Amino acid sequence: MHHSCEHKKISIWLSGAMAIIFYVWAGQVGIATSHGVEVVDRIVAVVNDDIITLNELNHALKPYLNQIKTMGYDSGKERDLSAKLRKDILDRLIDQKLTDQEIKKAKLTVSDEEVDFAMEKIKEKNFYSDADFRKALADEGMSLEEYRNNMKEQILRSRIVNREVKSKIVVTEQDVKDYYEAHSGEYGRELRYHLRNIIMQLPQSAGAMEKRGALERMGKVLDKLKQGESFENLARQYSESNLAAAGGDLGFFKLEALSPQIQDALKDLGPGDFTPVLETDQGAQIFYVQEIRVLPGKPLAEVSAGIQEKLYAEIVEKRFKQWLEELRKRSHIKTIE
């Protein structure tokens, strides 16, 4: 609801006779009655020729404050969160007023048919019947007419953003290429390691003597590997794992999916190489590199559309904030505590 400072009083006729006169003064909104003036609201911000009232602010705040109350914070934390939220919501309302003023300057309009179409799309998306839709609004404490007005405002605000921000943004092929090259790790080739292991279990409760014995046994296995014996055969013979019968075959892994300790041990190895004995959380282990597969990276043509969409969204957000900042700089804005 917009209140213009150009209209210092508004007459609303009831029963064809009695006029209730609303006055705006000193940051307060009141009703003139036969008993004087009763304060029913107050102004919390002036935005050029518009005002934001406490009722507007409280209405916008209510659902968020209700959420905070359900989170179980102590009174001090709840008070701090509520104060920050109040400031954030007031800032959002100020931005909306500024945006709505630009809509008026641009003389943008939206038809009832367009609002109806947008509402039908929302009902279709949520599989709502008319009755379901009205019930969902009622549960949120909103009438159908309020929702229509909100939808109309959203459409108009979207149009002013399209006109003032989005229409001026161009993401070039060079922008996409530069991003692709700067983020090669996201789109580049991948190495997959086909690994086998031999493991001797070391429970957390293992004593020093038990641990030393397991490491000595693994040392002897390592010596056999160095002498050229088959890793698969040694895994079947010595590994304390349910994969021993399969020669300790672990399958394929991306290096990044492994622990830093194992990554470090494997990074300089090629097919046919094996690690020294590693003391890991699972036990004493030796890893064998069966094969390294190189998976080609995604070509630029395949990811170009996704990169363009990502860059566009980032620029829109940045430019929209800049546009609002410019509106604020050239506007008269005053908050009233």
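## A residue in a loop

Asparagine 48 lies in the loop between strand S5 (36-47) and strand S6 (50-53), where helices (H or I, at least four residues) and strands (E, at least two) are DSSP runs numbered from the N terminus. Although asparagine 48 is not a glycine, its phi is positive, at about 55°. With a relative accessible area of 25%, asparagine 48 is partly exposed; buried means under 20% relative accessible area, exposed means over 50%, and partly exposed lies in between, with a 1.4 Å probe and protein chains only.

The model is a predicted one, in which local features need pLDDT of at least 70 and side-chain atom pairs count only at pLDDT 80 or more, while totals for chains, interfaces and linings use all residues. Residues are numbered from 1 along each chain as its sequence is written, and side-chain values use heavy atoms, with hydrogens and water left out.

## The chain as a whole

The chain holds eleven helices and eleven strands, and buried residues make up 31% of its 337 residues. Among contacts (heavy atoms within 4.5 Å) between residues at least 6 apart in sequence, 64% join residues that are at least 24 apart.

## Helix H5 and its partners

Helix H5 covers residues 144-164, and its 21 residues reach 30 Å from the first C-alpha to the last, close to the 30 Å expected at 1.5 Å a residue; the expected span is 1.5 Å times one less than the number of residues. The buried residues of H5 are Tyr147, Arg148, Met151, Ile155, Leu156, Arg157, Ile160 and Val161. An α-helix has 3.6 residues a turn, so residues three or four places apart point the same way. The buried residues of H5 pack against four helices, namely H2 (75-106), H3 (112-125), H4 (130-139) and H11 (300-329).

Between H3 and H4 there is a loop that holds phenylalanine 127. This phenylalanine 127 also has a positive phi of about 55° without being a glycine, and with a relative accessible area of 75% phenylalanine 127 is exposed.

## A pocket lined by helices

The second largest pocket has a volume of about 200 Å³, and its lining is made of Arg92, Asp95, Gln96, Thr99, Gln154, Arg157, Ser158, Val161, Phe320 and Leu324. The elements that give two or more residues to this lining are H2, H5 and H11. On a 1 Å grid over the protein atoms alone, a pocket is an open set of points with protein on both sides within 12 Å along at least five of seven lines, whereas a cavity is a set where a 1.4 Å probe fits but cannot get out, and lining residues have an atom within 4 Å of a point. Grid points are joined across faces, edges and corners, and the volume is the space filled by probe spheres set on the points.

By type, the lining residues of the second largest pocket divide into three nonpolar, four polar and three charged. Glutamine 154, which belongs to helix H5, is partly exposed at 48% relative accessibility. The C-alpha atoms of glutamine 154 and glutamine 96 are separated by 9.9 Å, although the two residues are 58 apart along the chain.

## An open sheet

An open sheet of four strands follows the order S8-S7-S10-S9, with antiparallel pairing; two strands pair if DSSP finds at least two bridges between them. Strand S8 (249-254) and strand S9 (278-279) stand at the edges with a single partner strand each, so one side of each is left without a neighbour in the sheet. Strand S7 (residues 190-201) and strand S10 (residues 283-295) run antiparallel and are joined by twelve bridges, and isoleucine 199 stands opposite glutamine 285 in S10.

Proline 271 is found in the loop between helix H10 (260-266) and S9, and counts as exposed at 54% relative accessibility. Leaving aside neighbours within four places in sequence, proline 271 is in contact with Val289, Gln290, Glu291 and Ile292.

## Helix H8 beside the sheet

Helix H8 (residues 208-226) has 19 residues and reaches 27 Å from its first C-alpha to its last, close to the 27 Å expected at 1.5 Å a residue. Its buried residues are Gly213, Ala214, Met218, Val221, Leu222 and Leu225, and these pack against S7, helix H9 (231-238) and S10. Just after H8, glycine 228 takes a positive phi of about 100°.

Definitions and conventions
Ala, Val, Leu, Ile, Met, Phe, Trp, Tyr, Cys and Pro count as nonpolar, Asp, Glu, Lys and Arg as charged, and the others, Gly among them, as polar.
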